[in-house]
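Got the viewer open? Let's walk through this one stop by stop, selecting as we go.

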Amino acid sequence: MSAADSTTTSPWPPLSDRPRTIAFTSGKGGVGKSSLVLNTGLALARRGQRVAVLDGDLGLASLNVLLGLSPRFDLRHVVSGERRLAQVILRGPYGLCIIPAGSGVVELANLDEVARRRILDQLDEVARSVDYLLIDTGAGINDTVLSLVLAADEAVVVTRPEPTALADAYALMKVIIRRETTYPFHLLINMVRDAGEGRRIHDGLSEILMRFLAYRPGYAGHVPSDPEVPRSVTDQVPFVLKAPRSPAALAVGALAGEMLGARAATRTAAHATFWERVVRWGGQPV
């Protein structure tokens, strides 16, 4: 997929015989990324898609908290051989699968070949059973975040109209683009007043990226500020379920609809699985 602005083409490629792997990432915390990836996953699942969400915010897992779930085990226990992957997956509404990662993804890069194959086979079984694998990365530009982003087919960069959030979103994209110049990023502007503000933020950040990196990101849209969002976090009920007609839920529904649109894309290492790419990028400096 080209990184063309979605004013001319839809940024989302079609489903294929392997899952679409999309990382939701951000340069800094506090921009609403985890809530958006969870609600997007539910919006896709409600449309009949088979969706798994990997909690890659290692050490600060939050997806299960947003759903009011308390896992006893996570991917660490699969890596150690204590549990099978099927025993740690959490089931959410509409059949949404949550993979509580713990510190397991970091450890994948350091496994011996036998252990690595054992865990990759189990992870691939899950990946082959879904249409979408969404990854909630941590915030920032540490090695774990970068390896998860690089392993995904594409990434949604969540930011908000606040100078430090925009500066950190730029820094994150710059690091990735310098390694892989055609990596498909899409900007999702959260907590805006209206569509006009979202578009202005996207265009301003795109102009900076074009000036210094000759790169134009796609536009994944905007999500307006909405009092239902913090209420849903407090109640541990995602806002697409709690308030399906709220402005935020309608915006996320529009995002899911765009993702279900179809345009062909190419991607470096497209024939490798996401998990194989995690291991590959996890073992290389970014």
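Start by selecting Thr144, Val145, Leu146, Ser147, Leu148, Val149, Leu150 and Ala151: these residues of H6 are buried, where buried means under 20% relative accessible area, exposed over 50%, and partly exposed in between (1.4 Å probe, protein chains only). Helix H6 covers residues 143-151, and because eight of its nine residues are buried, H6 is largely enclosed by the rest of the structure. The labels for helices (H or I, at least four residues) and strands (E, at least two) refer to DSSP runs, numbered from the N terminus.

A word on what you're looking at: this is a predicted model, in which local features need pLDDT of at least 70 and side-chain atom pairs count only at pLDDT 80 or more, while totals for chains, interfaces and linings use all residues. Residues are numbered from 1 along each chain as its sequence is written, and side-chain values use heavy atoms, with hydrogens and water left out.

**Zoom out for a moment**

Show the whole protein as a cartoon. How many helices and strands does the secondary structure come to? There are twelve helices and eight strands. Of the 286 residues in the protein, 54% are buried. Now think about contacts (heavy atoms within 4.5 Å). Among contacts in the protein with a separation of 6 or more, 79% are between residues 24 or more positions apart.

**Back to H6, and on to H7**

Select asparagine 142, which caps the N-terminal end of H6. One of its side-chain oxygens lies 3.0 Å from the backbone nitrogen of threonine 144.

Next, add helix H7, residues 163-179. Two packed helices are described by the angle between their axes and the distance between the axes. Here the axes of H6 and H7 come within 11 Å and cross at roughly 55°; axes are lines fitted to C-alpha atoms, for helices over the stretch in contact, and angles run from 0 to 180 degrees between N-to-C directions. That makes H6 oblique to H7: angles under 35 degrees count as roughly parallel, over 145 as roughly antiparallel, 65 to 115 as roughly perpendicular, and the rest as oblique. The crossing of H6 and H7 is right-handed, meaning that the near helix is turned clockwise from the far one by less than a right angle (anticlockwise would be left-handed).

Show side chains where the two helices touch. On the H6 side you'll find Val145, Leu146, Val149 and Leu150, and they meet Leu172, Val175, Ile176 and Arg179 in H7. By class, the contact of H6 with H7 has seven nonpolar, no polar and one charged residues. For these classes, Ala, Val, Leu, Ile, Met, Phe, Trp, Tyr, Cys and Pro count as nonpolar, Asp, Glu, Lys and Arg as charged, and the others, Gly among them, as polar.

**H7 meets H8**

Keep H7 and add helix H8, residues 195-213. The axes of H7 and H8 come within 11 Å and cross at roughly 40°, which means that H7 is oblique to H8. H7 supplies Leu166, Ala169, Tyr170, Met173, Lys174, Ile177 and Arg178 to the contact, and H8 supplies Ile201, Leu205, Ile208, Leu209, Phe212 and Leu213. The residues of the contact of H7 with H8 divide into eleven nonpolar, no polar and two charged.

**H1 against H11**

Jump to helix H1 (residues 33-46) and H11: their axes are 9 Å apart and they pack at an angle of about 60°. That makes H1 oblique to H11. Look for Leu36, Asn39, Thr40, Ala43 and Leu44 in H1, meeting Val252, Leu255, Ala256, Met259 and Leu260 in H11. The residues of this contact of H1 with H11 divide into eight nonpolar, two polar and no charged.

Now click on alanine 256, placed in helix H11 (residues 247-260). Is alanine 256 buried or exposed? Its relative accessibility is 0%, so alanine 256 counts as buried. Alanine 256 and threonine 40 are 216 residues apart in sequence, but 6.2 Å apart in space, C-alpha to C-alpha.

**Two positive phi values**

Last stop: select tyrosine 94, in the loop between strand E3 (90-91) and strand E4 (97-100). Tyrosine 94 has a positive phi of about 60° although it is not a glycine, and it is partly exposed, with a relative accessible area of 45%. Then find methionine 191 in strand E7 (residues 185-192). Phi of methionine 191 is near 60°, again a positive value in a residue other than glycine. Methionine 191 is partly exposed, at a relative accessible area of 28%.

Terms used. Polar contact = N/O pair within 3.5 Å; in protein donor to acceptor, adjacent residues only side chain to side chain.
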